[in-house]
Amino acid sequence: MEKLQPKLRFPEFNGNWERKKLREVSDVYDGTHQTPKYVSEGVKFVSVENINDLINTDKFISKKAFEKDFKVKPKKGDILMTRITAGVIGATAVVDNDEDLAYYVSLGLIRLKNNGNPFFYSQNIQSFSFRNELHRRIIHVAFPKKINLGDLQDCNIYNCSFEEQTRIANFLSSVDEKINLLKEKKSLLEEYKKGIMQKIFNQEIRFKDDNGNDFEDWDERTLGELLSIPEKLKPENINTDKLLTVKLHLKGVQKNTNTESLSIGSTNYIIRKKGQFIYGKQNLFNGAFGIIPDEFDGFLSSGDVPALDVNQNKVNSTFLLSYFSRKEFYNNLENIATGSGSKRIHEKILLSLDIS
């Protein structure tokens, strides 16, 4: 049995930690393999998509089906872990009450054998060392990818005294609580921003200049007055480490790491510059656009991800990006898309558009 001394530790604890198989400290079960018959109310039913919020599932099965199909029923202190998913294998949630709860085969139920703190083990499963254990045993060629129960039980996990487990779990839980508060604050600020943007661009709210005077009235301009098609500069060679993509739903400009599926040799790539407005021809109306940041200056994109120069004398880049970022605006751009099958918005069509 491997032992170690943690590098970072609360001062009141000493002694070695032990490395054990998950099967030595817990029993592991899976949920029902059958797609259940849902009812309007009854026993809550959870799957992979509920791992971050077990309480607010909108699926239920009957009490009769629950008693019939679940020999091992979740109870307070059990850990649910995603084990069959196209997403992240190893995401966890601790069951925090003894209310009846049904779960699908895509989740594994980890029940600690002895006196163990479930929050400690839930955090332990998120550790780098345990993630490595999972990764080696996941069946990556399956879709969705999965880890079998036996392989999950063979994963190694570190163990310490219950007192130290509790100390660590309480500390990490307090950090999680602060993170959740910040996420909630971020979400509220985002909603506030959406509402304010709507009022600004509808001109319900107007700012004043530094002297307290009204700004000039807004007027209509074509995008062609504010943006222009730059000279198409082609690179001498294609560096796959310098390719750009634009993510949907306002996720912005990012480095393209999915280069294995690209036809590099048969695609015309063009050099892009910082400060340019860049968008996806097929997905502009799905929020695929942004301003190229400084760190991506000189990166490349194909003709399906064009970039336009911004006339800084006539429009502020952040203003332009904010104008586009209203969902009711960019979703409507589908009306100007052309083509059969995959509709596209070509540069000249976009530049003919009027905006305030």
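Which residues is S302 in contact with, leaving aside its neighbours within four places in sequence? In this predicted model, S302 is in contact with T267, N268, Y269 and R272 once those neighbours are set aside. S302 itself lies in strand 18, which spans residues 300-302, and it counts as buried because its relative accessibility is 15%, where the cut-off for a buried residue is under 20%.

Two of the residues that S302 contacts, N268 and Y269, are also touched by K234, whose contacts beyond four places in sequence are N268, Y269 and I271. K234 is placed in the loop between strand 12 (227-228) and strand 13 (244-247). Although K234 and I270 are 36 residues apart in sequence, their C-alpha atoms are 4.8 Å apart in space. K234 is nevertheless exposed, with a relative accessible area of 57%, whereas S302 is buried.

Elsewhere in the chain, an open sheet is built from three strands in the order 1-2-10, with antiparallel pairing. Its edge strands are strand 1 (3-4) and strand 10 (156-159), each of which pairs on one side only. Strands of a sheet pair through backbone hydrogen bonds, either parallel or antiparallel. Here strand 1 and strand 2, the latter covering residues 17-21, pair in the antiparallel sense over two bridges, and L4 stands opposite W17 in strand 2.

Helix 3, made up of residues 118-125, lies across strand 2 and strand 10 and runs at about 135 degrees to strand 10. What joins this helix to the sheet can be followed through aromatic rings. A pair of aromatic rings is described by the distance of the centres and the angle of the planes. The model holds 20 aromatic pairs, and in one of them the rings of W17 and F120 have their centres 6.0 Å apart with their planes at 70 degrees, so this pair is edge-to-face, a class that requires planes over 60 degrees apart. Because W17 lies in strand 2 and F120 in helix 3, the pair ties together parts that are 103 residues apart in sequence. Both partners are buried, W17 with a relative accessible area of 13% and F120 at 4% relative accessibility.

Helix 4, residues 128-137, has F130, E133, L134 and R137 as its buried residues. These residues cover an arc of only 95 degrees around the axis, which means that they are on the same side of helix 4. The face turned away from that buried side carries the exposed residues F128 and R136. Among the elements that cover the buried residues are strand 2, strand 10 and helix 3, already met above, together with helix 1 (22-25), strand 6 (79-82) and helix 5 (149-153).

Aromatic rings also come together in another part of the chain, where ring pairs link F201, W218, F277, Y279, F289, F319, Y323, F324, F329 and Y330 into a cluster. One member of this cluster, Y323, has R326 over its face, at 4.5 Å from the ring centre. A charge over a ring is found at F10 too, where the charged end of R167 sits 4.0 Å from the centre of the ring.

Methods: Residues numbered from 1 in each chain as written. Predicted model: local features only at pLDDT ≥ 70, side-chain atom pairs only at ≥ 80, totals over all residues. Heavy atoms only, no water. Helix = DSSP H or I, 4+ residues; strand = E, 2+ residues; numbered from the N terminus. Buried < 20%, exposed > 50% of the residue type's maximum accessible area, 1.4 Å probe, protein only. Contact = heavy atoms within 4.5 Å. Pairing = 2+ DSSP bridges. Axes fitted to C-alpha atoms, helices over the stretch in contact; angles between N-to-C directions. Phe/Tyr/Trp six-rings, centres within 6.5 Å; stacked < 30°, edge-to-face > 60°. Lys NZ or Arg CZ within 6 Å of the ring centre and 35° of its normal. Arc of directions from axis to C-beta.
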